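This report describes a single protein chain, moving from a burial cut-off to the fold, the core and a few individual residues. Please keep the sequence and the model in view while reading.

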Amino acid sequence: MHWILLTLAILAEVAGTTTMKWSEGFSRLTPSLLLFVFYASSLTFLNFALKGIEVSIAYAIWSGLGTAIVVISGILIFSEPLTLLKTISIILIIAGVIGLNLGGGRA
């Protein structure tokens, strides 16, 4: 259950970041309001996930995979360029998350 909550936290954080872009600097009401809803949801899910997952593991996964998914969504949704450096960086983020997970933690 804790891993499901962490997954929901990641998805809500990605949705919050996406709506941040759509809010155009808080100039559009609906995306601006959704930004706060998604980030509040993300932090709430993360908080409950921490009941069963070590904070170092949960935060690494939340921030790392969130970042990687935002990069991918930027490429797919906002037509941002995919560069070699971005690709290598995403791979390194994912490798770091895997390394932290393998380094210890409880399920």
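A residue is called buried when its relative accessible area is under 20%, exposed when that value is over 50%, and partly exposed in between. The model discussed here is a predicted one. By that cut-off Trp62, at 11% relative accessibility, counts as buried, and Trp62 returns below both as a member of an aromatic pair and as a well-connected residue of the largest nonpolar core.

**Overall fold**

The protein has four helices and zero strands, and its pattern along the sequence reads α-α-α-α. Taken along the principal axes, the C-alpha atoms fill a box of roughly 45 × 35 × 15 Å. Of the 107 residues, 29% count as buried. Among the contacts between residues at least 6 apart in sequence, 67% join residues that are at least 24 apart.

**The nonpolar core and helix α3**

In soluble globular proteins, nonpolar side chains tend to be buried together. In this model the largest nonpolar core has 13 residues, and those with the most contacts inside it are Leu6, Ile10, Leu46, Ile53, Ile61 and Trp62. Helices α1, α2 (29–49) and α3 are the elements that give two or more residues to this core, and the largest share, five residues, comes from α1. For Ile10, leaving aside neighbours within four places in sequence, the contacts are Ile61, Trp62, Leu65, Gly66 and Ile69.

Helix α3 has 23 residues, which at 1.5 Å a residue should span 33 Å; the end C-alpha atoms of α3 are 31 Å apart, which agrees. The buried residues in α3 are Ile57, Ala58, Ala60, Ile61, Trp62, Gly64, Gly66, Ala68, Ser73 and Gly74, and what covers these residues includes α1, α2 and α4. After α3 comes Ser79, whose phi is positive, near 55°.

**Aromatic pairs**

How many aromatic pairs does a search of the whole structure find? The search finds three, and two of them are set out here. A pair of aromatic rings is described by the distance of the centres and the angle of the planes.

| Pair | Geometry | Centre to centre | Angle between planes |
|---|---|---|---|
| Trp22 and Phe78 | edge-to-face | 5.8 Å | 65° |
| Tyr59 and Trp62 | tilted | 5.4 Å | 45° |

The pair of Trp22 and Phe78 links distant parts of the chain, with Trp22 in helix α1 and Phe78 in the loop between α3 (55–77) and α4 (84–102), 56 residues apart. Trp22 is partly exposed, with a relative accessible area of 39%, and Phe78, at 23% relative accessibility, also counts as partly exposed. Not counting residues up to four places away in sequence, Trp22 touches Arg28, Pro31, Ile77 and Phe78. Trp22 and Ser32, which are 10 residues apart in sequence, lie 8.0 Å apart in space, C-alpha to C-alpha. The face of Phe78 also has a charged neighbour, for Lys21 lies over this face at 5.8 Å from the ring centre.

The pair of Tyr59 and Trp62 lies within one helix: because the two residues are three places apart in α3, they are separated by about one helical turn. Tyr59 counts as partly exposed at 48% relative accessibility, whereas Trp62 counts as buried at 11%.

**Thr18 and Leu92**

What does the side chain of Thr18 reach? It reaches the backbone oxygen of Val14, at 2.9 Å. Thr18 lies in helix α1 (residues 2–23) and is buried, with a relative accessible area of 10%. Not counting residues up to four places away in sequence, Thr18 touches Ser73 and Phe78; of these, Ser73 is one of the buried residues of α3, while Phe78 is the ring partner of Trp22.

Is Leu92, in helix α4, buried or exposed? Leu92 is exposed because its relative accessible area, 57%, is over 50%. Leu92 and Ala68 are 24 residues apart in sequence and 9.8 Å apart in space, C-alpha to C-alpha, and Ala68 belongs to the buried residues of α3.

Technical notes. Residues are numbered from 1 along each chain as its sequence is written. This is a predicted model: local features need pLDDT of at least 70, side-chain atom pairs count only at pLDDT 80 or more; totals for chains, interfaces and linings use all residues. Side-chain values use heavy atoms; hydrogens and water are left out. Buried means under 20% relative accessible area, exposed over 50%, partly exposed in between (1.4 Å probe, protein chains only). A polar contact is a pair of N or O atoms within 3.5 Å; within protein, one must be able to donate a hydrogen and the other to accept it, and residues adjacent in sequence count only if both atoms are side-chain atoms. Contact means heavy atoms within 4.5 Å. Rings of Phe, Tyr and Trp (its six-membered ring) pair if their centres lie within 6.5 Å; planes under 30 degrees apart count as stacked, over 60 as edge-to-face and the rest as tilted. A charge sits over a ring if NZ of Lys or CZ of Arg is within 6 Å of the ring centre and within 35 degrees of the ring normal. A nonpolar core is a set of buried Ala, Val, Leu, Ile, Met, Phe, Trp, Tyr and Cys residues joined through side-chain atoms within 4.5 Å. The expected span of a helix is 1.5 Å times one less than its number of residues.
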